[in-house]
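Trainee: Hi, could you walk me through this structure? I'm new to it.
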Amino acid sequence: MFCFAQLDDNISKKVGEEPFSPMSAEASVGSPAANSAQSAVSQSAFQTIVEQRHQGLLGSKYVKLNVGGSLHFTTVQTLTKEESVLQSICNGGTEVTIDSDGWVILDRSGRHFGLILNFLRDGSVPLPDDHRELDEVLKEAQYYRVQGLVQHCLTAMQKQKDVFESVCRIPMITSAKEEQKMIATCRKPVVKLQNNRGNNKYSYTSNSDDNLLKNIELFDKLVLRFNGRVLFVKDVLGDEICCWSFYGEGRKIAEVCCTSIVYATEKKQTKVEFPEARIFEETLNILIYENGRRTGPGGLYLVDSRGSSAGQSEEEGASGGDRRVRRIHVRRHIMHDERGHGQQTVYKD
């Protein structure tokens with residue numbers, strides 16, 4: 001036993017190996033030299049990451065961008081064409097997050113980011129026609145501070161605004177409550193055409209259809225002529241077949257009814273008239289209420305030299321400050337069977 005032990009010890013000494021000891025292994029791992037080496041490696045790796053972030057992407061030619069899950073592949077040259085946040089990212093002025101695969105992570109919606117890249121590439125880009133989408137592109141351009149695209153969006157919005165203002169929009173009344181609210185809140189004079197042939201209880205005369213069409217055509221002409229100054233609305237729910245109503249400062253000023261009933265010998269007939277001159281006259285009269293011209297300081301009504309309210313007709317009542325609506329009925333009732341032989345037709349209002 002002793003001889004074999006001595007032989008093993010001699011062999012290990014000749015080879016130059018030290019006998020294994022658990023205590024020596026623990027001492028080597030926990031030694032100050034080992035700890036300092038590991039700390040130096042960690043600090044070096046951290047410094048490398050910080051240096052990469054501050055250096056930006058200048059050392060790269062191509063850039064991979066992950067914008068809200070939308071992947072884009074472009075060049076540093078494209079991103080640095082215009083002074084923006086993207087240029088700052090490339091120069092290292094803005095810190096970004098780069099994942100393990102080299103994708104630069106940007107926490108923004110990627111829906112319109114391709115449009116921004118195309119603008120940086122070409123200097124111009126087609127913008128969406130939809131106003132909401134155009135506003136979204138503007139917000140993204142403002143975030144990335146791409147001033148050229150911002151100005152491009154603002155110019156397109158101004159053009160859309162000019163086009164919308166030149167278009168004549170005619171609201172269609174769908175309920176009495178909606179009509180009251182529309183007229184009460186509108187700061188412009190209001191002209192309403194009530195057109196509802198569905199409520200016709202009697203047959204039309206031969207030229208009633210032509211006159212009804214003429215009223216509608218006159219309405220369209222007035223819309224084009226006074227666009228922006230007067231609010232024109234249509235009503236297809238009322239009881240009258242064809243009736244014009246004129247409003248100022250939230251109340252009805254005048255009314256022109258174009259429907260008449262012909263009492264023939266055999267049956268009644270509904271007749272539609274076309275009082276073009278009277279309708280045009282009332283439309284001009286309603287312009288008095290444009291931009292608050294009807295009222296002066298303190299809401300007092302302007303008066304003319306005669307002491308009466310400006311534009312007040314003789315048909316309006318002046319007592320008690322309550323003015324009645326001017327109602328003009330064109331040939332409301334025509335009594336054919338009451339006329340004598342060789343006499344003219346009698347018109348009664």
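Trainee: Which residues are exposed on the other side of α9?
Mentor: Those are K177, Q180, K181, A184 and T185, where exposed means over 50% relative accessible area, and buried under 20% (1.4 Å probe, protein chains only). Keep in mind that this is a predicted model, where local features need pLDDT of at least 70, side-chain atom pairs count only at pLDDT 80 or more, and totals for chains, interfaces and linings use all residues. Residues are numbered from 1 along each chain as its sequence is written, and side-chain values use heavy atoms, without hydrogens and water.
Trainee: And which residues of α9 are buried?
Mentor: In α9 (residues 176-185; helices are DSSP runs of H or I, at least four residues, and strands E runs of at least two), E179, M182 and I183 are buried. They cover an arc of only 90° around the axis (taken from the directions from the helix axis to the C-beta atoms), so they lie on the same side of α9.
Trainee: What do the buried residues of α9 pack against?
Mentor: They pack against β5 (172-173), β6 (190-195), β8 (231-235) and β9 (242-248), with contact meaning heavy atoms within 4.5 Å.
Trainee: New topic: what is the strand order in the open sheet of four strands?
Mentor: The order is β2-β1-β4-β3, with mixed pairing; two strands pair if DSSP finds at least two bridges between them. β2 (70-75) and β3 (97-98) are at the edges, each with a single partner strand, so one side of each has no neighbour in the sheet.
Trainee: How do β3 and β4 pair?
Mentor: β3 and β4 (residues 104-106) are antiparallel, over two bridges, and I98 stands opposite V104 in β4.
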